Amino acid sequence: VVFGLSEVEVEQKKFHLGSINLEINFEDRVVLIGPNGEGKSTLLKLLLGELSSSKGVFQMGSRVKIGYLPQETRFKDKETVLEYFLKTVELEQSNSRKILKRFGFSADDVSVSCQDLSPGEKSRLVLATLMAKDVNCLILDEPSNHLDPEALDRITESLKEFPGTIIIVSHDRYLIDQIGITKTYLMENGKISALRDYHEYEENVLLDSGDTKSTV
């Protein structure tokens, strides 16, 4: 088991999560969907260890190594793409350049300051570092935000090839359909419920609310 939650609740000043019963196993590909403010980010913070449960039993597997891609990435230092990558993954330079090239960073691109990258390029760089490190569970919060079609294709292909567990918050119909989702959960009012797939969400929840957009 990667994560096991039994009757878990999280109390915050203005929000109550739970109770949550959830089991995520190795190689599961889980998507969390639902409107903003319904508990998705709170649940991710719990899984990442940034929040503690106030009730229930929360378990994480002893061999789980998490890589996290937030909605927005900021780089504080003025280092280049290659410098950041080398520092983060501790690989030698030729292999690092090969990996970065797979993620769309040319020989010239790796000399650009991380702070000067577009939001999509920043996401690609972070994902490249996660893929190069020894992580077996990816947690991604709206990874397709700010991405152009080429960048989305590169990230999609990388996620398809990833051998471990994926937990993703997304409403991107294309991405969800492409990466082999095995479990779909809807978050509403701090509660979680299982759906057949994203299309059930479109057919029932979105149509009932009169919203047929692919993003919420």
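Trainee: Let me start with one residue of this model. What is the relative accessible area of Phe-58?

Mentor: This is a predicted model, so read each value as computed from predicted coordinates. Phe-58 has a relative accessible area of 28%. Buried means under 20% and exposed over 50%, so Phe-58 counts as partly exposed.

Trainee: Phe-58 has an aromatic partner, Phe-3. How do I read the geometry of the rings of Phe-3 and Phe-58?

Mentor: A pair of aromatic rings is described by the distance of the centres and the angle of the planes. The structure holds three aromatic pairs. In the pair of Phe-3 and Phe-58, the ring centres are 6.1 Å apart and the planes stand at 35°. Planes under 30 degrees apart would count as stacked and over 60 as edge-to-face, so this pair is tilted.

Trainee: Which parts of the chain does that pair tie together?

Mentor: Phe-3 belongs to strand S1 (residues 3-11) and Phe-58 to strand S4 (residues 55-60), so the contact links parts that are 55 residues apart in sequence. As for exposure, Phe-3 is buried, at a relative accessible area of 0%, whereas Phe-58 is partly exposed.

Trainee: And where do Tyr-198 and Tyr-201 lie?

Mentor: Tyr-198 and Tyr-201 sit in helix H7 (residues 198-209), three residues apart, which is about one turn of the helix. Their rings form a tilted aromatic pair, with 5.5 Å from centre to centre and 50° between the planes. Tyr-198 is buried at 2% relative accessibility, and Tyr-201 is buried at 1%.

Trainee: Does a ring also have a charge to look at? Which charged end sits over the ring of Phe-105?

Mentor: That of Arg-124: its charged end is placed over the Phe-105 ring, 5.0 Å from the ring centre.

Trainee: Let's go back to S1. In what order do the strands of its sheet run?

Mentor: For a sheet, take the strand order, then the pairing, then the edges. Here three strands form an open sheet in the order S2-S1-S4, with antiparallel pairing. Strand S2 (16-24) and S4 are at the edges with a single partner strand each, so one side of each has no neighbour in the sheet. On average, neighbouring strands are turned by 25° against each other, direction ignored. Seven bridges join S1 and S2 in the antiparallel sense, and in S2 the bridge partner of Phe-3 is Ile-24.

Trainee: Which helix packs on this sheet?

Mentor: H1 does, touching S1, S2 and S4, with its direction at about 120° to that of S1. Six of the eight residues of H1 (residues 40-47) are buried, so the helix is largely enclosed by the rest of the structure. Lys-40, Thr-42 and Leu-43 are among those buried residues. Just after H1, Gly-49 takes a positive phi of about 85°.

Trainee: How many strands form the other open sheet, the one with S5 in it?

Mentor: Six, in the order S5-S6-S7-S3-S8-S9, with mixed pairing. Strand S5 (66-69) and strand S9 (191-195) are the edges; each has a single partner strand, so one side of each is left without a neighbour in the sheet. The twist averages 20° from one strand to the next. Within this sheet, strand S3 (residues 29-33) and strand S8 (residues 183-188) run parallel, joined by four bridges; Val-31 stands opposite Thr-184 in S8. Helix H4 (residues 119-132) lies across S5 and strand S6 (137-141), and runs at about 175° to S5.

Trainee: Last topic: charges. How many salt bridges does the count come to?

Mentor: A pair needs its side-chain nitrogen and carboxyl oxygen within 4 Å, and the count comes to 11 salt bridges. After the distance, check exposure. Glu-72 and Arg-74 form one, with the closest N and O atoms 3.3 Å apart, and both residues are exposed. Lys-87 and Glu-79 meet at 3.1 Å, N to O. Lys-87 is partly exposed at 49%, whereas Glu-79 is buried at 14%.

Trainee: Which residues are linked in a network of salt bridges?

Mentor: Asp-77, Glu-79 and Lys-87 are linked that way. For a bridge inside a helix, look at Lys-160 and Glu-157, where the closest N and O atoms are 3.3 Å apart. They lie in helix H5 (residues 149-161), three residues apart, about one turn of the helix. Lys-160 is partly exposed at 37%, and Glu-157 is partly exposed at 39%.

Technical notes:
Residues numbered from 1 in each chain as written. Predicted model: local features only at pLDDT ≥ 70, side-chain atom pairs only at ≥ 80, totals over all residues. Heavy atoms only, no water. Buried < 20%, exposed > 50% of the residue type's maximum accessible area, 1.4 Å probe, protein only. Helix = DSSP H or I, 4+ residues; strand = E, 2+ residues; numbered from the N terminus. Pairing = 2+ DSSP bridges. Axes fitted to C-alpha atoms, helices over the stretch in contact; angles between N-to-C directions. Contact = heavy atoms within 4.5 Å. Phe/Tyr/Trp six-rings, centres within 6.5 Å; stacked < 30°, edge-to-face > 60°. Lys NZ or Arg CZ within 6 Å of the ring centre and 35° of its normal.
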